[in-house]
Amino acid sequence: MTTDRITLTGLRVRGFHGVFAHERRDGQDFVIDAELELDLAPAAASDDVADTVHYGELAGELAAVVAGEPVDLIETLADRLVTVCLRDPRVAAATITVHKPQAPIPHEFADVAVTLRRAR
């Protein structure tokens with residue numbers, strides 16, 4: 001069982017996801033948290049970024065998905081993001097949380113989020 005992790009927290013990206021026309025038209029910020037489970041011993045031993053998941057590149061790939069093709073549900077968006085994380089065969093499992101802090105909820109709230117975890 002892998003206990004090593006790479007965590008990217010608070011990636012804020014403008015997207016146009018939602019079931020309402022104004023969400024698709026105006027967009028809003030989505031906040032993404034990603035946690036990758038993988039063996040980091042090779043990277044620690046070599047001190048070479050090629051032996052790990054480059055978190056800067058990962059952030060760019062996740063941001064492109066959020067800023068890309070709109071979907072109705074953040075569940076669908078989370079699934080697309082976790083798929084990106086699992087493209088690297090070294091990743092044993094990935095957890096993605098999609099926060100939608102400006103969701104169209106007619107009550108005061110701090111956050112709404114969906115979290116998916118997928119393992120090989």
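These legends go with a set of close-up views of a predicted model.

**View 1. The whole chain, with its 4 helices and 4 strands.**
Reading from the N terminus, the elements come in the order β-α-β-α-α-α-β-β. Along the principal axes, the C-alpha atoms take up a box of roughly 50 × 25 × 20 Å. The chain has 120 residues, and 41% of them count as buried. Take the contacts between residues at least 6 apart in sequence: 60% of these join residues at least 24 apart.

**View 2. The open sheet, built from 4 strands in the order 1-2-3-4.**
The pairing here is antiparallel. Strand 1 and strand 4 sit at the edges with a single partner strand each, so one side of each has no neighbour in the sheet. On average, neighbouring strands are turned by 15° against each other, ignoring direction. Pick out strand 3 and strand 4 and you'll find 7 bridges joining them. One residue pair to look for is Thr97 and Thr115, the latter being the bridge partner in strand 4.

**View 3. Two helices lying across the strands.**
Helix 3 lies across strand 1 and strand 2, and its angle to strand 1 is about 35°. Helix 4 lies across strand 2, strand 3 and strand 4, running at about 150° to strand 3.

**View 4. Helix 4 up close, residues 74-85.**
This helix has 12 residues and reaches 16 Å from its first C-alpha to its last, close to the 16 Å expected at 1.5 Å a residue. Which residues of helix 4 are buried? They are Ile74, Leu77, Ala78, Leu81, Val82, Val84 and Cys85. These residues cover an arc of only 150° around the axis, which puts them on the same side of helix 4. What they pack against is strand 2 (28-38), helix 3 (55-67), strand 3 (91-99) and strand 4 (113-119).

**View 5. The largest nonpolar core, 30 residues in total.**
The members that touch the most others are Leu36, Leu62, Leu77, Leu81, Cys85, Ile96 and Val98. Two or more residues each come from strand 1 (5-15), strand 2, helix 3, helix 4, strand 3 and strand 4. Helix 4 gives the largest share, 7 residues. Zoom in on Ile96 and, leaving aside neighbours within four places in sequence, its contacts include Ala78, Leu81, Val82 and Cys85. Also in contact with Ile96 are Ile32, Asp33, Ala34, Val114, Thr115 and Leu116.

**View 6. Thr95, a residue of strand 3.**
Is Thr95 buried or exposed? With a relative accessibility of 16%, Thr95 counts as buried, because the cut-off is under 20%. Setting aside neighbours within four places in sequence, Thr95 is in contact with Asp33, Ala34, Glu35 and Glu37, and also with Thr115, Leu116 and Arg117.

**View 7. Gly18, in the loop between strand 1 and helix 1 (21-26).**
Gly18 is buried, with just 1% relative accessible area. Not counting residues up to four places away in sequence, Gly18 touches Glu23, Arg24, Val71, Asp72 and Lys100. For a sense of scale, the C-alpha atoms of Gly18 and Glu61 are separated by 21 Å, with the two residues 43 apart along the chain.

**View 8. Asp47 and Thr52 in the loop between helix 2 (41-46) and helix 3.**
Asp47 isn't a glycine, yet its phi is positive, at about 55°. Its relative accessibility is 73%, which makes Asp47 exposed. Thr52, on the other hand, is buried, with a relative accessible area of 16%. Beyond neighbours within four places in sequence, Thr52 is in contact with Ile6, Leu40, Ala43 and Arg90.

**View 9. Leu73, in the loop between helix 3 and helix 4.**
This leucine is partly exposed, its relative accessible area being 42%. How many Å separate the C-alpha atoms of Leu73 and Ala43? The separation is 36 Å, for residues 30 apart along the chain.

Key: Residues are numbered from 1 along each chain as its sequence is written. This is a predicted model: local features need pLDDT of at least 70, side-chain atom pairs count only at pLDDT 80 or more; totals for chains, interfaces and linings use all residues. Side-chain values use heavy atoms; hydrogens and water are left out. The expected span of a helix is 1.5 Å times one less than its number of residues. Buried means under 20% relative accessible area, exposed over 50%, partly exposed in between (1.4 Å probe, protein chains only). The arc is that of the directions from the helix axis to the C-beta atoms. Contact means heavy atoms within 4.5 Å. A nonpolar core is a set of buried Ala, Val, Leu, Ile, Met, Phe, Trp, Tyr and Cys residues joined through side-chain atoms within 4.5 Å. Two strands pair if DSSP finds at least two bridges between them. Axes are lines fitted to C-alpha atoms, for helices over the stretch in contact, and angles run from 0 to 180 degrees between N-to-C directions.
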